[in-house]
Each structure stands twice: as C-alpha cells, then as structure tokens.
Amino acid sequence: MKDLLDKLSSYNIFNYLLPGTIFAGLGEKLTSYSFVQDNFLIGLFLYYFIGLIISRIGSLTVETLLKWIKFVQFADYKDYIKASELDPKVELFSEQNNMYRTLCSLPIMLAFLKIYDEVIKDSLPGGAHTNDAIFLIGLLVLFLLSYRKQTKYVVQRIETVLKEEQK
C-alpha cells in the first residue's frame, strides 16, 4: 500500500485524487448517490477514477470553452516544450494550471449530478438500464475524445523533437 501511495505524483494527487475525493464527499451530501467508500483501497481507486473523469471533462469542455471565449490563451505547444526544457518551473505551473481547470470543472459536475439526480434520471424511459447505458456511452465518448487530444500532443512532441534534432 505504501508503495502504491509513493508512486502517486503530485499531479495525480491534485488533479485526480483530490477532486475525486471532494466530488465523492459533496456528491453524497447533495444527491441521493453514495460515493464514499468504507474500504480505503477501493475508495482510493474510485476517487482517483472520479477525479480522472472530472479532469478529462475539464480538459475537453471547460478549457475549450474558455479558449473559445478568449478567457485564456495558450502558448504554442512547441514553445511550451522549449520553455519546459529551459525552465523546469514551466511544467510545475502547467500542473497547477491543470489543477485549477479541474477544480473549475468540479462544481459544474456536482451541479450536473444534482440536476440529473432530481430532474432527469427518473424521467428517462427504461429506468436504471437507460441510466447505465448513458453513463457507459458517456465514458466511452469522454475517453475517446481524451485519447484523440492526447495523441495530438504526442504527435506535436515527436514533430518538435525531430525538428530540433535536424537543426
């Protein structure tokens, strides 16, 4: 167990585990859903996974919206790579930036869960089966879009490294 906890980076703790734990606690207080686990290990994995979902939603929706309305502007990814090599604090600031984005997504997801719990879930035809299907399809779409976005970063990184090597 200690080895597992030692392997969690600060990024994993602040971008996944912390928001997932907060969501579980507040979600249980605000809705009829019960997320808090008695088993520490199961709770650790569940809260991490919930946080991962919240982070991905933030990455795909909150970030996209804030860029679209020009609330935030990103540097070119190639410039980010170069700056990260020159100043290690750039990666730290990026990690903190992602944490704030995830924390912005957290109340949005809690509000969505509350609305879903009180308004939507009982009005769907098919009851629990429909809710399960929506959840699973939603997860699939979320992780497909996240995979596409991450693949774009990998490709950009490869292209930048290869261009730098040719110089």
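**A tour of salt bridges and helix α6**

Begin by selecting E118, which at 55% relative accessibility counts as exposed, because the cut-off for that word is over 50%. Keep in mind throughout that the structure on your screen is a predicted model.

Next add K114, which at 30% relative accessibility counts as partly exposed, and look at how the side chains of K114 and E118 meet in a salt bridge, with N and O 2.6 Å apart. Both residues belong to helix α5, where they are four residues apart, or about one turn of the helix.

Side chains of opposite charge can pair when their charged atoms come close. A search of the whole structure finds five salt bridges, so which residues are joined into one network by bridges that share partners? Select E63, R101 and K149, since these are the residues that the shared partners join.

Within this group, look at R101 and E63, whose closest N and O atoms are 2.7 Å apart in their salt bridge. The pair links distant parts of the chain, with R101 in helix α5 and E63 in helix α3, 38 residues apart, and both residues are buried.

Turn then to E63 and K149, whose side chains form a salt bridge at 2.9 Å from N to O. Because E63 lies in helix α3 and K149 in helix α6, this pair ties together parts that are 86 residues apart in sequence.

Finally, select helix α6, residues 128-166, whose 39 residues should span 57 Å at 1.5 Å a residue, which agrees with the 57 Å between its end C-alpha atoms. Its buried residues, among them L139, L142 and K149, pack against α3, α4 and α5.

Note on methods: Residues numbered from 1 in each chain as written. Predicted model: local features only at pLDDT ≥ 70, side-chain atom pairs only at ≥ 80, totals over all residues. Heavy atoms only, no water. Helix = DSSP H or I, 4+ residues; strand = E, 2+ residues; numbered from the N terminus. Expected span 1.5 Å × (residues − 1). Buried < 20%, exposed > 50% of the residue type's maximum accessible area, 1.4 Å probe, protein only. Contact = heavy atoms within 4.5 Å. Salt bridge = Lys/Arg side-chain N within 4 Å of Asp/Glu carboxyl O.
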